[in-house]
Every structure is written in structure tokens, then in C-alpha cells.
Amino acid sequence: MSSNLEVRHLETLLALAECGSLSKAAARLFFDPIALSHQLKTLESHYGAALVEKNLRPLRFTAIANDC
């Protein structure tokens, strides 16, 4: 992907890490959960891999996300 990462992408990752769920992170950022999901997909497309394990509670980052 040729686009640059922006501060909002970092804010998304931080909210996911601190909140532990997509819906809680979306609420913190005043996003619709679907919009946050799209932003996460953009990040995953940028890195070419899944960044979070979505089916776990609380949400956890994958090994590749920890290496970024």
C-alpha cells in the first residue's frame, strides 16, 4: 500500500489496546464500529497481515502487530 499511516491510525491502535474491544474503542473515538472496522482493515492491508485476534475477549494483538 502506498498511503502513509496517519495519527488517526495510531489512535485507533491505542484505543483498541486500551479498550480491549472494537465496539468500546469505536465509542471512545466517537466512531461507528463499522467505520473503526474499516480503518482496522486499512491498517491490516498496509501491513499485509491481521493485526488483532478479533474473536478473543479481550481483543489481542497478533505477533505481527507487536513487531510493528
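**Exercise 1. Determine which backbone atom the side chain of Thr-62 reaches, and place Thr-62 in its surroundings.**

Solution.
1. In this predicted model, the side chain of Thr-62 comes to 2.7 Å from the backbone oxygen of Ala-50.
2. Thr-62 occupies the loop that joins β2 (60–61) and α4 (63–67).
3. The relative accessible area of Thr-62 is 12%. Buried means under 20%, so Thr-62 is buried.
4. With neighbours within four places in sequence left aside, the contacts of Thr-62 are Ala-50, Leu-51, Val-52 and Glu-53. Ala-50 therefore appears both as a contact of buried Thr-62 and as the residue whose backbone oxygen the side chain reaches.

**Exercise 2. Describe how helix α1 packs against helix α3, and state which residues make the contact.**

Solution.
1. Two packed helices are described by the angle between their axes and by the distance between those axes.
2. Helix α1 covers residues 7–19 and helix α3 covers residues 33–47. Their packing angle is about 110°, and the axes lie 10 Å apart.
3. Angles of 65 to 115 degrees count as roughly perpendicular, so α1 is roughly perpendicular to α3.
4. The crossing of the two helices is left-handed.
5. On the α1 side, the contact is formed by Arg-8, His-9, Thr-12, Leu-13 and Leu-16. On the α3 side, Leu-36, Gln-39, Leu-40, Thr-42 and Leu-43 take part.
6. By class, these contact residues comprise 5 nonpolar, 4 polar and 1 charged.

**Exercise 3. Decide whether His-9 is buried or exposed, and list its contacts.**

Solution.
1. His-9 is part of helix α1.
2. Its relative accessibility is 4%. The cut-off for buried is under 20%, so His-9 counts as buried.
3. Apart from neighbours within four places in sequence, His-9 is in contact with Asn-4, Gln-39, Thr-42 and Leu-43. Gln-39, Thr-42 and Leu-43 are also among the α3 residues in the contact with α1.

**Exercise 4. Characterise Phe-30 and Asp-32 in the loop between α2 and α3.**

Solution.
1. Most residues other than glycine have a negative phi. Phe-30, although not a glycine, has a positive phi of about 60°.
2. Phe-30 belongs to the loop between α2 and α3. With a relative accessible area of 77%, Phe-30 is exposed, since exposed means over 50%.
3. Asp-32 also sits in the loop between α2 (22–28) and α3. At 45% relative accessibility, Asp-32 counts as partly exposed.
4. The side chain of Asp-32 reaches the backbone nitrogen of Ile-34, at 2.8 Å.
5. Asp-32 and Leu-22 are 10 residues apart along the chain, and their C-alpha atoms are separated by 9.9 Å.

**Exercise 5. Identify the contacts of Leu-22 and give its C-alpha separation from Leu-36.**

Solution.
1. Leu-22 lies in helix α2 and is partly exposed, its relative accessible area being 25%.
2. Leaving aside neighbours within four places in sequence, Leu-22 is in contact with Leu-16, Pro-33, Leu-36, Ser-37, Leu-40 and Leu-59.
3. Leu-36, one of these contacts, is 14 residues away in sequence and 7.3 Å away in space, C-alpha to C-alpha.
4. Leu-16, Leu-36 and Leu-40 are in contact with Leu-22 and are also among the residues of the contact of α1 with α3.

**Exercise 6. Assess the accessibility of Ser-21 and Glu-18, and relate each to Leu-59.**

Solution.
1. Ser-21 is in the loop between α1 and α2. At 10% relative accessibility, Ser-21 counts as buried.
2. Not counting residues up to four places away in sequence, Ser-21 touches Leu-16 and Leu-59.
3. For Ser-21 and Leu-5, 16 residues apart along the chain, the C-alpha separation is 22 Å.
4. Glu-18 is found in helix α1. Its relative accessibility of 48% makes Glu-18 partly exposed.
5. Glu-18 and Leu-59 are 41 residues apart in sequence, while their C-alpha atoms are 9.8 Å apart in space.
6. In summary, Leu-59 is touched by Ser-21, and its C-alpha atom is 9.8 Å from that of Glu-18.

Notes: Residues numbered from 1 in each chain as written. Predicted model: local features only at pLDDT ≥ 70, side-chain atom pairs only at ≥ 80, totals over all residues. Heavy atoms only, no water. Axes fitted to C-alpha atoms, helices over the stretch in contact; angles between N-to-C directions. Helix = DSSP H or I, 4+ residues; strand = E, 2+ residues; numbered from the N terminus. Parallel < 35°, antiparallel > 145°, perpendicular 65-115°, else oblique. Left-handed = near helix turned anticlockwise from the far one by under 90°. Contact = heavy atoms within 4.5 Å. Nonpolar A, V, L, I, M, F, W, Y, C, P; charged D, E, K, R; others polar. Buried < 20%, exposed > 50% of the residue type's maximum accessible area, 1.4 Å probe, protein only. Polar contact = N/O pair within 3.5 Å; in protein donor to acceptor, adjacent residues only side chain to side chain.
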